[in-house]
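Student: I have a structure open and would like a close look at one part of it. Could you walk me through a metal site and then show me what surrounds it in your tour?

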Amino acid sequence: MTSPYWAPTLAPQKVRTWATVSQRALLASPRVRRCTITVNGVVQGVGFRPSVYRLAVSHGVAGTVRNSRAGVVIDVEGDDASLEAFLTALGNNVPGAVSVAWAQPEGLAGFSIEVSAHDGKARFSPAPDSAMCEACAAELFDPGNRRCSYALQTCATCGPRFTIVRTLPYDRERTTMSCFALCAACRAEYNEPCNRRFHAQTIACPECGPRMSLRWPDGATQFAVDPIAAAAGEIHEGGIVAIKGVGGFHLACDATNAGAVAELRRRKRREAKPLAVMVVNLEEACALAHVSPTEASLLASPAHPIVLVRRRDIGGVAEEVAPGCRELGLVLPYTALHHLLLGEAGRPLVMTSGNASDEPIAHRDDDARQRLRGIVDLFLTHNREIVTPCDDSVVRVVAEVPRVIRRARGYVPLAIQLPGAASRPILACGGELKSTFALVRGPEAFLSQHIGDLASEAAFRAYGEAIAHFRRLFDFAPEIVAHDLHPAYRSTAYAQSLDGVERVAVQHHHAHIASCLADNGVDRRVIGVAWDGTGYGTDGRVWGGEFLVADLAGYERAGRFDYVPLPGGDAAIREPWRMAAVFLRAAYGDAMSSLDLAFIQRLDRAAWRVLRQAADRGLNAPLTSSAGRLFDAVASLLGLRDRVTFEAQAAMELEALTAAEADLVYPIGLRDGDDGLIVETPDVIRGVVEDLLRQVPASLIAARFHATLADLLARVCVRLRTRTGIGAVALSGGVFQNAWLLRAAVDRLEADGFQVYTHHQVPTNDGGLALGQAAVAARRH
Ligand SMILES: [Zn+2]
Ligand SMILES: [Zn+2]
């Protein structure tokens, strides 16, 4: 019998045993009893009904189990002892919330799995996609098995779920497997209670299931006896192959071939952002990187996310895979197809989302052909359709805690339990970058998969389609719609386009702190430290270095970084040199131009003069308190990067450069202002500059800078504790993706006696905003 496989590691379901419930009820009961048990939570598509069946048969109780829109319903009858034993055994294995109703016994005989009833209001969610299980892997390489080398095999506990389901309940006819009629052998397995594919909705075999094919970029079929071996051959030769996976197409090439990786970057128009690498097993992962036990179990967990791990110095993959990074994003094969491909290729493969630059991942064959034809040399595809595009999830372990940075395949659509229940259905529209949205029903929030930056037309379309799909899937009509305050966010425009709903606007950094509270299942007043790149403030300025006193209901601004101009608006985000010049000027005034710094030597003085004059007149230079911009400025001063090609690139490189330990912190001023404590940045900039003039190594300057911010953060929190009596701190915002800073801040705060909340289930970056908006709206309604 297969072991239960339904609780992905990052979101353990609360297990409740019923022994006490049933014992109490049994005291005043007749000999034969009957009850109806309804189980909510993730119980569809994880082999739950078959396991109930086996339990019932082994305990000699009669009745039925079925999926309904209210959850999984078990109708069961038996004598006291058998029923008691059955309920206890079930209680120990149940993955979701339960309710029990007692009924008159009717003399039921036998136990069966019934066809789903399509009735009532949906109260459950489909399971996330799950990586291939060990039993399936064993079959894949067993020459005697009829599914040996079958690239699309699955079972009752593993395989695609969320990405192939059209509507609920989760039964084969409502998935993209509906067009594959079962062969006699598969049907027999499907009906055999002891088989591990008993009632597996995705059951298939080489005889009756979907098939692999190989296509040229123009769509013509390339005939190959073994399409996977042929694709691996193409990769060996340095080619780039589009591979249809679970949530969309990947672009694959040989990760050890610098030329191939460079070519992939050129064609995909992705200059520097790190690329994920698929390795054949944990051993190979450990050969390329330092993998801790926590990271190893995460790599092998049912979600099989990309895990960012510290790379070894020995190479192993081309430098072009993750230039300037200390970490590698590794992922293990999570389908039979991947296992076969990695086996044929015999080397690590780059496996990056199938798209050009920042577009959403391509997931339909026709669309992929259109969008990827200029990028790939070959398509390795199959005829199992993908309904919902879903990127690989990305997780990083910091301080031994796995922290989701991009939440998608393997985690979505698992519910996140809010600290309180919403009285009305809520849709939270999220932000603009790394966008996600969330639905709230009662105490549960369903956060969507990562969709991308809504500035792109294709991403905004995908966003609308994903919301429509979630609404259908969850049978959901929002009454409350939460959104960001930013008038120019497309997610705000989307919220405003909905009729007949009540709208709740949530300030960006309040949403970050609320997201962190919801992530930890708490609703209490905290000192919220929300540091990121950009968020619309209530004074119309660009916030991003905020100290709030907040709970889910509301917030007060209790401190911030001093405002500086953002010369040229968004251009200053793409060009960190502009911020370096701004901060230098704030620290040194016009004397900055006589500083003996490499930065000053390469400064385009004419361009800077124009920007400076515009900023002085307040032209196209909004004021910002962004902490992210300070990181950019220091990265530029240290000569790391004056221009970025993706968000937070300079800050990431600054973190990668940082020495392990700092020996001192720079001074940093605090004053009282209208918005609470104001952090004065000139001192820290002067500290960096003086160190540069003294030829202190950049890695040590970076460490001192990080330590300074951690120290500052703790000092401000201590002052706010004195003023407010609040002893808990929540850290949120994209800046806390920085592991060095996060670790140092948590250490300092804990040493100062604070209870510290950080993110783990949802991203600390804008990918977590929707959850925060949802929690705020739920609290207010
Ligand atoms: Zn399996
Ligand atoms: Zn079959």
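Tutor: Happy to. The site of the zinc ion (ligand 2) is tetrahedral, with angles of 104 to 114° among its four donor atoms. Bear in mind throughout that this is a predicted model. The protein donors are the SG atoms of Cys183, Cys186, Cys205 and Cys208, and they lie 2.2 to 2.3 Å from the zinc ion (ligand 2). Along the chain, these donors of the zinc ion (ligand 2) are spaced as C-x2-C-x18-C-x2-C. Cys186 and Cys205 link distant parts of the chain: Cys186 sits in helix 5 and Cys205 in the loop between helix 5 and strand 8 (212–215), 19 residues apart.

Now for how covered these donors are. Cys186 has a relative accessibility of 0% and so counts as buried, and Cys205, at 1%, counts as buried too. The cut-off behind that word is under 20% relative accessible area.

Let us stay with helix 5, which spans residues 184–191 and has Cys186, Glu189 and Tyr190 among its buried residues. Viewed down the axis of helix 5, the buried residues fall within an arc of 100°, so they line one face of the helix. The general background is that an α-helix has 3.6 residues a turn, so residues three or four places apart point the same way.

It helps to set this site beside the zinc ion (ligand 1). Its protein donors are the SG atoms of Cys133, Cys136, Cys155 and Cys158, lying 2.3 to 2.4 Å from the zinc ion (ligand 1). The spacing of the donors of the zinc ion (ligand 1) along the chain is C-x2-C-x18-C-x2-C. The four donor atoms around the zinc ion (ligand 1) subtend angles of 106 to 118°, which makes the arrangement tetrahedral. Cys155 counts as buried at 1% relative accessibility, and Cys158 counts as buried at 0%.

From the metals, let us turn to an earlier stretch of the chain. Helix 2 (residues 48–59) has 12 residues and reaches 16 Å from its first C-alpha to its last, close to the 16 Å expected at 1.5 Å a residue. Helix 2 is mostly covered, with nine of its 12 residues buried; among them are Phe48, Tyr53 and Leu55. After helix 2 comes Gly60, whose phi is positive, near 65°.

Strand 3 (residues 62–68) is mostly covered as well, since six of its seven residues are buried. Strand 3 and strand 4 (residues 71–79) run antiparallel and are joined by seven bridges, forming a hairpin with two residues between them. Strand 3 is also joined to strand 6 (residues 111–113), by three bridges, and these two run parallel. Thr64 shows both pairings: Thr64 stands opposite Asp75 in strand 4, and the bridge partner of Thr64 in strand 6 is Ser112.

Helix 3 (residues 80–93) contains Ser82, which counts as buried at 15% relative accessibility. Leaving aside neighbours within four places in sequence, Ser82 is in contact with His59 and Val61.

For a contrast in exposure, look at Gly346, in the loop between helix 10 (336–345) and strand 15 (349–353). Gly346 is exposed, with a relative accessible area of 58%. The C-alpha atoms of Gly346 and Phe561 are separated by 51 Å, and the two residues are 215 apart along the chain.

How values were computed. Residues are numbered from 1 along each chain as its sequence is written. Chains are lettered from A and ligands numbered from 1 in the order in which they are written. This is a predicted model: local features need pLDDT of at least 70, side-chain atom pairs count only at pLDDT 80 or more; totals for chains, interfaces and linings use all residues. Side-chain values use heavy atoms; hydrogens and water are left out. Buried means under 20% relative accessible area, exposed over 50%, partly exposed in between (1.4 Å probe, protein chains only). Helices (H or I, at least four residues) and strands (E, at least two) are DSSP runs, numbered from the N terminus. The arc is that of the directions from the helix axis to the C-beta atoms. Contact means heavy atoms within 4.5 Å. Donors are N, O and S atoms within 2.8 Å of the metal (3.2 Å for Na, K and Ca); water is not among the atoms, so sites may look incomplete. Four donors count as tetrahedral if all angles lie between 85 and 135 degrees; four count as square planar and six as octahedral if opposite donors are over 155 degrees apart and all others between 65 and 115; anything else is irregular. Two strands pair if DSSP finds at least two bridges between them. The expected span of a helix is 1.5 Å times one less than its number of residues.
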